[in-house]
Amino acid sequence: MMWRIRRKKDKKKKQSALKQSKQEQDPLYTHITENENQFRQIYEDCSDVILHPFSIGGKHQALLIYIDGLSNTEEIDDSVLSPLMTATVNDGEQQVSTLIKNTVAVSDTKEVHTFSDCIQAISTGKPVILADNSQTGFSLGLSKWEKRSVESPEAEKVVRGPREGFVETLTVNTSMLRRKIRSPKLKMQSMEIGRYTKTNVMITYVDGLVDKTLVEEVLNRLNRIDIDGVLESGVIEEFIEDDPHSPFPQTLATERPDIVTSNLLDGRVAILIDGTPFSLIVPTTLYSLLQAGEDYYRRYLMATAIRWLRYLFLVISLLLPSLYVAVLTYHQEMLPTSLLISMAAAREQIPFPALVEVLMMEITFEALREAGVRLPNQVGSAVSIVGALVIGEAAVSAGIVSAPMVIVVAITGIASFTIPRYSAATAIRMLRFPMILLAGTLGLLGIMLGIIMIVVHLATLRSFGVPYLSPMAPMQFNEMKDTLVRAPWWKLNKRPRLTGESNKYRQSSGQKPSPIRGKE
Amino acid sequence: MKRLFKPEKRLLTIVLCCIPIFLSGCWDRTEVNDLAIIAGVGLDRTDNGKIELSVQITNPKAIGGPGMSSGSGQSGQQPVIVKTGTGKTIYDARSKLQEKTSRQLFEGHNRVIIIGKSLAETGIRKHIDFFARFPIPRLRANVFFTDGKATDILKVIPSFENGESAEAARELAELKIGMNVTTKDLLQQLASSSGDTALPKITASKSKLGEGLKVNGTAIFKNNKLTGQIDDKVTRGLLWLTDAIETASVTIQPKDAEGYISFKILRSSTELIPTIKNGKWKMIVRITTEDDVTENETKLDMMDPKIVEKLEKQMEKSIDKRIQLVLDEVQTGMEADVFGFGEAFERTYPQKWKQQEDQWDKKFPEIEVVIKSDVKIRRPGRSGGPQGVPQEKEKKK
């Protein structure tokens, strides 16, 4: 019952929100004073909004509205106000709107007709000019605000590869993409999400490579979102996922323009959101979450080796602590004899069972990691030293945990950081704990049970209709070239089948270089 | 069904499904510190016919726990603890032993089984069953015979291997200087029709420097009972014959030179070829071996093919002699078929074997054995001719 009531209330709220916006949808008034009054009412108590009445050529009453700090004031003075105020007006010959159009020296000038148009323009930093006796206003593209300069992405560092990362400003981000894909086929559809934040969201794809239905689906899912505000891509992510309860991320969040570009070229769709450097790429698969952008810039042999290393450490980061528990408490015969004896020797003084020991250490490690992320830089190093000492040396010599346990925790910790996508790494890290519990209760059987459950879940998972485990399940033998190994670039001729079906080949075949080529 | 999966109840359903997993609790969980890790087992027979089971339990404290520098161990701690229990069967004795042990006995890492003389004389087949049936012990454990009480071997504290005599015994077997028999091998041999088998003999050696173990000789079992023992030298012949030789050195004195020449075996294979002609059972033993020269005391030039050919001939004779030694002692002396002759005949002549199976015990000592060895000297070693000898004084043939 409670549910129903709440739903009804929600509906009412929605309607009132609609009403308010309906009022704003009204067209502009003819008289400048009416307009001015209306705007003063809308921007009541907004001291940063500047309404500047002036006269064009000393004859026509006009009003300039902009938000302080969002627009380029110098430009407004030089190319808008001074030409307009000094313009000579022939009586009644010219319409005011034509006059403004001809006098204002701003390239991005658009007509606005309603209050909501005006408000939208003003809030994005575009000054609006309204003139008396005219129902048309003009928005001028003179927005300028403080923005962070382009820096190397913090969360995804590379040794070889571009050092630029997205910033919080959407226009900067789209310009970076545009600079990478210099083709009119690169499409960017804009959209506003958030009742109050009115965040600009850009849906980007390459026309001709992308499946049109995918774009439609993305637009559909984004259109359904009705929330107060979008502060980060994570908010959007939770609204468009296929399985909202899964621990695995079903979108690829990245702040690297080169990764976005390569995915766009594979026929995927990127969602860029104003106010965050993280963009979302859909659809995504488990394997793309395990691939770093650098894989494609390194020599392919190394890239393959490192990919295998990553797969190995993925398993380690998920299973090593639980294997430790299972083998040490249920299957002692599985260890080599001398290893078991030294383990037994190390555990001789330990007061806790292996399960408790592992849980204790893993939770401590997670806490340490979490603290390290949040801490200011100056304290960070101090904490990591204390943490290393406490977890490593002191705990062992105090006889609280065994030395092999510390090794297990350390390797697991390192292993979880080899996964290039942070969101995937956290999923694995979280799943470790149920695995430890299963290992502690059912031994290796429990671990198998856990693995089966995870695999079943992964197999049912889809990201925008694409199976999460593809190309492994369903098996696409051809795509193993870019999954199990990283084949040399001149062999990666086909796009991934499930996203790049509409345009199969990304390059012409037979491009293997050799000194003989081209000499014939 | 529909109601069960209402969204608000889904979580509850999942939780309910997960709870039974934890109902079992930590069922047969045993922490390592609650285990008595058995490294070796000794079997003896008491005077009143009971089984005496001795176990060698590793003492982890002696190896070194937290806070100690690795490998040092606590001084004054015995590296192993030997405990003994008696009972009607091995498992019975084990239960008695468990009563006296505060930790759970754990045979999962048992590496050696040592059979004492008293038990060996009454037959070993029925006792080995425990090691095949009880799921925890490994089938790869090495089996030894000792000419005294098995307990005494377990009590030896050798200088190497952290003072574990069981580990030392296993390492000795792995070197393959003597026989190397695992529980699995023993079970297979006992299951053969004759039930004849051989086990390496292990003895404790004491000197001023400390205690140690050595594998010297072999115990021969006829129909799973101890019938005799052969010494180290004869054992080598047995190894040649059973194709178990891996590391061996052969030293000969060339006829026409002073001093000895030593050879190291690189590869060797032995083939048993049984033939039955006119009702006469005959066994041809074909041995092919490749050797390297490792030491040359003589002045012979090892690069000379003629000399090498002569040496090969001489080595063949030396190998034949070794094998004849074991045939004399075991085939005709103890009449125990530890060479697998019976199996070889059974494989080649299944019909005739079936007719003669009952009389195999009588037939075995009478079988004529022909040894055909083929030695190839592959390399003269790092040096060619004799070292430290002027070129002109080298003996050329």
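Here is a short walk through chain B, from its overall form to one stretch of paired strands. Keep in mind as you look at it that the model is predicted.

Let's start with the whole chain. Chain B has 13 helices and 13 strands. Its C-alpha trace extends over about 100 × 60 × 60 Å along the principal axes. The radius of gyration of chain B is 28 Å, whereas a compact globule of 397 residues would have one near 21 Å. Of the 397 residues in chain B, 38% are buried. If you take the contacts in chain B with a separation of 6 or more, 72% of them are between residues 24 or more positions apart.

Now zoom in on strands β7, β8 and β9. Strand β7 of chain B covers residues 197-207, and strand β8 of chain B covers residues 210-222; the two run antiparallel and are joined by 10 bridges. To find your place in this pairing, look for Ser205(B), which stands opposite Gly212(B) in β8(B). Two residues lie between β7(B) and β8(B), and the two strands form a hairpin.

Carry on along the chain and you come to strand β9 of chain B, residues 225-230, which pairs with β8(B) in the antiparallel sense over five bridges. Here Lys222(B) has Lys225(B) in β9(B) as its bridge partner. β8(B) and β9(B) also form a hairpin, again with two residues between the strands. One residue to look at in this turn is Asn223(B), which has a positive phi of about 50 degrees.

Note on methods. Residues numbered from 1 in each chain as written. Chains lettered and ligands numbered in written order. Predicted model: local features only at pLDDT ≥ 70, side-chain atom pairs only at ≥ 80, totals over all residues. Helix = DSSP H or I, 4+ residues; strand = E, 2+ residues; numbered from the N terminus. Rg over C-alpha atoms; globule rule 2.2 N^0.38 Å. Buried ≥ 20, exposed ≤ 12 C-beta atoms within 10 Å, placed from the backbone. Contact = placed C-beta atoms within 7 Å. Pairing = 2+ DSSP bridges.
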